[in-house]
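Colleague: Could you take me through the strands and the residues packed around them? I would like one connected account that I can follow on screen.

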Amino acid sequence: MRITNSVAELADILNAGGVIAYPTEAVWGLGCDPFNENAVRKILALKSRPEYKGLILIAGHPDELTPWLDTLDEDACKRLTQINEAPISWVVPDVEITPSWVRGEHQSVAIRLTQHQPIQTLCKAFNGVIVSTSANPSGLDPALNIEEVKTYFSDKVDAIYDAPTGSATQPSQVRDLLTDKLFRA
């Protein structure tokens with residue numbers, strides 16, 4: 001396992017099908033290329049998370065959301081790309097863009113446009129969205145620092161992004177983009 005602050009190196013690892021741990025707005029996350037089935041399945045195995053639950057995607061810039069924005073009306077596009085005080089992952093209707101191994105049993109995918117600069121930079125270097133799921137085995141608290149990531153996953157991730165977490169006090173809310181229904185506070 002490599003600890004690095006080089007987003008170019010991390011993007012290369014993601015492009016090669018690797019799994020990284022990285023700081024999100026509040027906690028540490030695990031990420032990979034959502035279109036690489038083997039990488040996604042590795043994250044699911046690391047977390048002991050069933051595929052049917054689905055995973056969140058994170059973007060650093062609205063341009064990375066183009067495939068989903070192209071399917072939405074103007075109001076939904078504004079909601080998905082707006083800057084929020086606290087992080088919000090929006091559940092977006094989707095059966096054609098995101099692979100089933102990311103969506104799980106759902107006809108939708110949760111997507112968050114982050115305001116957290118280290119992740120914006122990472123997504124830009126990767127040139128797209130990445131998987132964003134908390135860095136913890138199922139049933140345990142999310143990792144809050146690099147040491148906890150190492151305790152949970154030791155050498156089972158390919159790299160750790162050496163950057164700070166954001167200032168949020170809890171993981172993102174999860175809301176339905178079309179109805180604003182709250183799934184996770």
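What do strands E2 and E3 form together, and how many residues lie between them?

Modeller: Happy to help! E2 and E3 form a hairpin, and four residues lie between the two strands. Before we go on, please keep in mind that this is a predicted model, where local features need pLDDT of at least 70, side-chain atom pairs count only at pLDDT 80 or more, and totals for chains, interfaces and linings use all residues. Residues are numbered from 1 along each chain as its sequence is written, and side-chain values use heavy atoms, with hydrogens and water left out.

Let us start with the hairpin. E2 covers residues 20-23 and runs antiparallel to E3, with four bridges between the two (strands are DSSP E runs of at least two residues, helices are H or I runs of at least four, both numbered from the N terminus; strands pair if DSSP finds at least two bridges between them). Within this pairing, Pro23 has Trp28 of E3 as its bridge partner. E3 also pairs with E7, the strand at residues 130-134, again in the antiparallel sense, over two bridges. There, Leu30 has Thr133 of E7 as its bridge partner.

Now look at the two sides of E3, residues 28-31. In a regular strand, side chains alternate between the two faces of the sheet. In E3, Trp28 and Leu30 lie on one side, Gly29 and Gly31 lie on the other, and all of them are buried (under 20% relative accessible area with a 1.4 Å probe, protein chains only; over 50% is exposed, and in between is partly exposed).

E2 and E3 also lead us to helix H7, residues 146-153. The cover over the buried residues of H7 includes E2 and E3, along with strand E1 (2-4), helix H2 (37-47) and strand E8 (159-161). Ile146, Val149 and Phe153 are buried in this helix. Looking down the axis of H7, the buried residues fall within an arc of 55 degrees, so they line one face of the helix (the arc is taken from the directions of the C-beta atoms as seen from the helix axis). Phe153 counts as buried because its relative accessibility is 1%. At the N-terminal end of H7, Asn145 acts as a cap, with a side-chain oxygen 3.1 Å from the backbone nitrogen of Glu147. After the helix comes Ser154, whose phi is positive, near 30 degrees.

Next, please turn to E6, residues 108-113. Six of its six residues are buried, so this strand is largely enclosed by the rest of the structure. Ser108, Ala110 and Arg112 are on one side, with Val109, Ile111 and Leu113 on the other, so to speak a strand covered on both faces. E6 has pairings with E4 and E5. Strand E4, residues 56-59, runs parallel to E6, and four bridges join them. One position to click on here is Ile56, which stands opposite Ala110 in E6. E5 runs antiparallel to E6 and is also joined to it by four bridges. In that pairing, Val109 of E6 is the bridge partner of Val92.

Val109 brings us to Trp68, which sits in helix H3 (residues 66-69). Their C-alpha atoms are 9.7 Å apart in space, and the two residues are 41 apart in sequence. Trp68 counts as buried because its relative accessibility is 1%. Leaving out residues up to four places away in sequence, Trp68 touches Leu57, Val92, Asp94, Ile97, Thr98, Val109, Ile111 and Val129 (heavy atoms within 4.5 Å).

Two of these neighbours deserve a separate look. The side chains of Trp68 and Asp94 make a polar contact of 3.0 Å (N or O atoms within 3.5 Å, one able to donate a hydrogen and the other to accept it within protein; residues adjacent in sequence count only through side-chain atoms on both sides). The side chain of Trp68 is also joined to that of Thr98 by a polar contact of 3.1 Å. Thr98 and Asp94 make a side-chain polar contact of their own, at 2.4 Å.

As for its place, Thr98 is in the loop between strand E5 (88-93) and helix H5 (100-103). Thr98 counts as buried because its relative accessible area is 2%. Again leaving out residues up to four places away in sequence, Thr98 touches Phe35, Leu57, Trp68, Arg103 and Val109. Both Trp68 and Thr98 thus list Leu57 and Val109 among their contacts.
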